[in-house]
Amino acid sequence: SKFGTSIIGKFTGNESEGHRLGHTLAERQQLAHTCFTHVSQYDTSIASFLNTTETSVTDVQLKYGMNPHQKDTQVLFDRNQKNQPFNILNGTMGMINIIDMIHGWLTVKEVDTILNLPCANSMKHTSLAGLGVGSSINETSLNYFNLALSDTDKFNAIAIAYMKSRLGDPLSSFGDFICISREVDALTAKLIKSEITDGICAPSFTPEAFEILKTKKNGGFKIIEMDTDYYNNMISKGWVESKQIYGMTLSQPNNNHVNHFTDITDENLRIDYVLANTALKYAQSNNISMAVNGQIIGIGCGQQNRVGCVKLAGDKATNWLLRQTKKAHEFWDNNKQVKKQPRINLLYDHLLNDTLENVELENYNIVMSSDGFFPFNDNIVLANKYGVKNVVHPGGSINDDAIA
C-alpha cells in the first residue's frame, strides 16, 4: 500500500520495491522460508504428539556412525508404520551393521521368495562376501566345518545355506554380519558359534538357538529379529530411497525389477542365475558376480571399470575352485592344530600361485552376471579364462550384437 511504502521509505530512505527495511526481495524470501519451515516442524511435532494410533515404533540410538567418533547416530522409523522393520534382541548396532543388515536382508528374502529355498549371506562393509541357498552341499565344503555327508543329524537346509554363504570367500567373511531368510535353529546356531562374526539377523530364532548365539562375544553378539510383515508390505507397495548429503537430498524409487529366469529349464542352473543376478541388486556398483552350485563364489563390486570387476570376481572364483581340489583338502586336514581362521589364511597363501590348469572346469557350470551392459567383449574374453559358461547382463550397448 501507499502507507506501507511511505513508512518503509521513512525508515530506509529507499522506497524501491527491491529494498525494504534494509533487505532485498531474495533475503525476505529466505527469511519467510525459514519462518514457515520452523512453524511447519512445530505443527508436525504437535500432530505427532496428539496421534493416538497404537504403534510399537521406537527410534534406535546406534553405538556410532561410520567412525567411532561419530557418536550422535540413530535410526529414525516412519511413525505411519504400525511396526518397525526390526527389533534388536541382543547387542548394540553401529551404522555399518545397519547398512549391512538391510542390504543383506533384502537380498536373502528376495532370493527365498523367488526360489522357495532358505538363503543366507555374509555381509562385509556394505557388500556381500558370500551368498548361498539350502540346496546341496559337497563333502569338501562340509569338511571346513568338521562335518561329513554322513552327519545328517548335524545340519539341515538352513545350515547348508549358512555354510555355503560363509565359504564363498571365508577370508573376507571374517567379522561379517549374517543374514538368514528363515528361522535360525540350534544346528545353525552351533555352526555360527564357532565363527568370528559380528551379528545376525533373521525373522526368528528358536529359544535354544537364541541362547547359543547370546554366548558369543562375551554376550555382546548382535541378534536382530526382522519383521517379515513389514518386509512384505514394503515390497508390495515399493519405497523411496533418499539420502541427505552435503546439504542436498537425493531421491529415487526403489528398484522393483525381479527376474525369476523361468526360461531356464535346468533348475540347478536357474538357481545360479537367480543368485548371480540378485547378488548385484543390493551391492555397490560397478558389480560382477559369479555363481555355481547354489552359491556365489566370486564378486567384484565398487570398481571404476567393468573389466576390473570381472578380474576381482574371477580371482575369488578361482580361489573357490582351488579350494575344492585334493591339494586344498589335504592341506586343510594336515593343519588341524591351527585355529580355523588362521588356517584359512594359510590355505589362501598355500593356493596363491596355483592356476586353474589342474581344475576340471567342465564340472562347473559357472554363471556370471553384471549390473551394467558390457561395452566391449574384453569382459567376456576374460570371464572365459575363469571358466564362465553363462552370462547375464542388461544389454543396451551399441556393441550388444558383436558381444553376443
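Begin the tour at the hairpin of strand 13 and strand 14, which has two residues between the strands; select Asn-293 there, where phi is positive, near 55 degrees. The model on display is a predicted one.

**Stop 1: strand 13 and its partners**

Select residues 287–292, the extent of strand 13; six of its six residues are buried, and the strand is thus mostly covered. Colour Asn-287, Ser-289 and Ala-291 to mark one side, and Ile-288, Met-290 and Val-292 to mark the other: both faces are covered, and the residues named on each are all buried.

Add strand 14, residues 295–301, to the selection; strands 13 and 14 run antiparallel and are joined by six bridges. To locate a facing pair, display Ile-288 together with Gly-300 of strand 14, which stands opposite. Then add strand 15, residues 366–370, which pairs with strand 13 over four bridges, also in the antiparallel sense. In this pairing, Ala-291 of strand 13 faces Val-367 of strand 15.

**Stop 2: Ala-276 in helix 9**

Move to helix 9, residues 267–281, and select Ala-276 within it. How buried or exposed is Ala-276? Its relative accessible area is 0%, so Ala-276 counts as buried. Beyond residues up to four places away in sequence, Ala-276 touches Ser-289, Ala-291, Ile-296, Val-367 and Ser-369. Of these, Ser-289 and Ala-291 belong to one side of strand 13, and Val-367 is the residue of strand 15 that stands opposite Ala-291. A distance label between the C-alpha atoms of Ala-276 and Gln-295 should read 8.3 Å, although the two residues are 19 apart along the chain.

Next, follow the chain into the loop between helix 9 and strand 13, where Asn-286 lies. The peptide bond joining Ser-285 and Asn-286 is cis, with omega about -15 degrees.

**Stop 3: the nonpolar cores**

Select Tyr-162, Met-163, Ile-180, Ile-200, Leu-213 and Met-290; these have the most contacts inside the largest nonpolar core, which has 60 residues. Helix 10, residues 306–322, gives the most to this core, with seven residues. Another core, of 44 residues, lies apart from it; Met-123, Met-226, Tyr-282 and Ile-299 are among its members. In soluble globular proteins, nonpolar side chains tend to be buried together.

For a closer view of the largest core, centre on Met-163, one of its residues with the most contacts. Outside its neighbours within four places in sequence, Met-163 is in contact with Ile-137, Leu-142, Phe-145, Leu-147, Phe-155 and Leu-191.

**Stop 4: strand 6 and the turn that follows**

Select Asn-121 in strand 6, residues 119–124. Asn-121 has a relative accessible area of 1% and is therefore buried. Which backbone atom does the side chain of Asn-121 reach? The partner is the backbone oxygen of Gly-104, at 3.4 Å. With neighbours within four places in sequence left aside, the contacts of Asn-121 include Thr-107, Val-108, Ser-165 and Phe-177.

Continue to Thr-126, in the loop between strand 6 and strand 7. Its phi is near 75 degrees, a positive value in a residue other than glycine. Thr-126 counts as buried because its relative accessibility is 16%, under the 20% limit.

Compare Asn-218, in the loop between helix 7 and strand 10. Here too phi is positive in a residue other than glycine, near 55 degrees. Asn-218 is exposed, with a relative accessible area of 86%.

**Stop 5: helix 3, helix 8 and Asp-227**

Select helix 3, residues 95–115, and helix 8; their axes come within 12 Å and cross at roughly 75 degrees. Helix 3 is therefore roughly perpendicular to helix 8. Show side chains where the helices meet: Trp-105, Leu-106, Lys-109, Glu-110 and Thr-113 on helix 3, and Thr-228, Tyr-231 and Met-234 on helix 8.

Finish at Asp-227, in the loop between strand 10 and helix 8. The side chain of Asp-227 reaches the backbone nitrogen of Asp-229 at 3.0 Å. Apart from neighbours within four places in sequence, the residues in contact with Asp-227 are Asn-83, Gln-84, Pro-85 and Phe-86.

Terms used. Residues are numbered from 1 along each chain as its sequence is written. This is a predicted model: local features need pLDDT of at least 70, side-chain atom pairs count only at pLDDT 80 or more; totals for chains, interfaces and linings use all residues. Side-chain values use heavy atoms; hydrogens and water are left out. Buried means under 20% relative accessible area, exposed over 50%, partly exposed in between (1.4 Å probe, protein chains only). A polar contact is a pair of N or O atoms within 3.5 Å; within protein, one must be able to donate a hydrogen and the other to accept it, and residues adjacent in sequence count only if both atoms are side-chain atoms. Contact means heavy atoms within 4.5 Å. Two strands pair if DSSP finds at least two bridges between them. A nonpolar core is a set of buried Ala, Val, Leu, Ile, Met, Phe, Trp, Tyr and Cys residues joined through side-chain atoms within 4.5 Å. Axes are lines fitted to C-alpha atoms, for helices over the stretch in contact, and angles run from 0 to 180 degrees between N-to-C directions. Angles under 35 degrees count as roughly parallel, over 145 as roughly antiparallel, 65 to 115 as roughly perpendicular and the rest as oblique.
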